[in-house]
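Welcome, and please open your viewer for a short guided tour. We will make a few stops and look at what is there.

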Amino acid sequence: MFTNSDEAVINKKLPKELLLRIFSFLDVVTLCRCAQVSRSWNVLALDGSNWQRIDLFDFQRDIEGRVVENISKRCGGFLRKLSLRGCLGVGDSALRTFSQNCRNIEVLNLNGCTKITDSTCNSLSKFCPKLKHLDLASCTSITNLSLKALSEGCPLLEQLNISWCDQVTKDGIQALVRSCPGLKCLFLKGCTQLEDEALKHIGAHCPELVTLNLQTCSQITDEGLITICRGCHRLQSLCVSGCGNITDAILHALGQNCPRLRILEVARCSQLTDVGFTTLARNCHELEKMDLEECVQITDGTLIQLSIHCPRLQVLSLSHCELITDDGIRHLGSGPCAHDRLEVIELDNCPLITDASLEHLKSCHSLDRIELYDCQQITRAGIKRLRVSCVGSTGSGHLATIELTMNSSVYQHILESNVRPSVQKLTLS
């Protein structure tokens, strides 16, 4: 049936419109293979209507500019979504041609395309007014000029990722947010020049903001973040990991202004205490993921409040929280999130954790991963009891991964006791 002849049975029996519809469900690789079957299939497979969404990352990463130009000419106004993530050979010239040909583009991923400069954003501004999602992460030549250009030509922008574009300052952020009031997701990870003034502009002009990532923006303080909390009441995800200047004032502001908060990442924010997390937990009942790694001042008091007030908690990192004890884990294990919500708990480098914590976590039936690196008080007996709990009557348990640092005798016990049906991964450090 599948021959190089255009007289093949399938071509005679099915109208071109139906074949074209079938091809619309195929991925990039399959379309390219179909294009080699016959002349008629080549025309159908390369029809622009089949190329509305293209992700080249899993297909070919060493894409050259000419390939992007050819794609843009083939797809034209049909193309809505394109990912060139990691295509190091693509530069400004190819993306200018792309912008001119694909004026209906809505989602564009240029993450890691390190050759591009402000020129690309100028092209997008001129020719792509429908752009909604743009990823420029690790495009380190991007400056404030790019943000000003996008503010002028792409008013529908909803999601922007300029992580690690460390030339961006408050001037670029100000221009962007004033002209793009519909921004919902803003990723500024590693933009080390940003200060509180930039956050004040975001808080004043982005009422629709849902996600904000400020990881390692080390110059920001409570002052700027409080403005965010007061102006962005729809905030659901906030990452300020590595922002060591922030205090409990931020947790109070989140609790008072952002009741929809679901994800909070505050790793290495060592000034945060139980007092702030108590206010947060009592007001933000939809919390699902919390990264509290190296929040060294928190104690079991934080876990008690989370266990009482946060029934949706799924992922909790307490690594290097050295004041956490078995009693805090006991409260967590008996809280409303324990039975069918809690999936991941990270406790590595918590020196006070003992086998008792493993007993308290047995009630967490949805638990997929426990991390216990360098928890030196975890013993052979504790591992054995956990194994018995995890292995059901069918010989397989719910727990998918335990990551432990242990001595060789404990590891040998695990192997001898045939724990592998329920524990699929063991990491020794």
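A salt bridge here is a side-chain nitrogen of Lys or Arg within 4 Å of a carboxyl oxygen of Asp or Glu. Keep that in mind for the opening stop, and remember that this is a predicted model.

**Stop one: Asp291**

Select residues 289-291, which form strand E10, and pick out Asp291 there. Which side chain of opposite charge is nearest to Asp291? The answer is Arg268, at 6.3 Å, and Asp291 has no salt bridge although it is buried. Now show the surroundings: leaving aside residues up to four places away in sequence, Asp291 touches Leu264, Glu265, Val266, Ala267 and Ser317.

**Stop two: the second largest pocket**

Next, select Ser24, Leu26, Asn50, Gln52 and Arg53, the closest to the centre of the second largest pocket among the 13 residues that line it. This pocket holds about 180 Å³ of space. Colour helix H3 (28-34) and strand E1 (53-55) as well, since each supplies at least two lining residues. By class, the lining has six nonpolar, four polar and three charged residues.

**Stop three: Cys102**

Finally, go to the loop between helix H6 (92-101) and strand E3 (107-109), where you will find Cys102. Is Cys102 buried or exposed? Cys102 is buried, because its relative accessible area is 0%. Select its contacts too: not counting residues up to four places away in sequence, these are Ser72, Gly76, Leu79 and Cys128. Then add Phe127, which is 25 residues from Cys102 along the chain, with 8.1 Å between their C-alpha atoms.

Conventions. Residues numbered from 1 in each chain as written. Predicted model: local features only at pLDDT ≥ 70, side-chain atom pairs only at ≥ 80, totals over all residues. Heavy atoms only, no water. Helix = DSSP H or I, 4+ residues; strand = E, 2+ residues; numbered from the N terminus. Buried < 20%, exposed > 50% of the residue type's maximum accessible area, 1.4 Å probe, protein only. Lys, Arg positive; Asp, Glu negative; His and termini not counted. Contact = heavy atoms within 4.5 Å. 1 Å grid on protein atoms, 1.4 Å probe; cavity = no way out; pocket = protein on both sides within 12 Å on 5 of 7 lines; lining within 4 Å. Points joined across faces, edges and corners; volume = space filled by probe spheres on them. Nonpolar A, V, L, I, M, F, W, Y, C, P; charged D, E, K, R; others polar.
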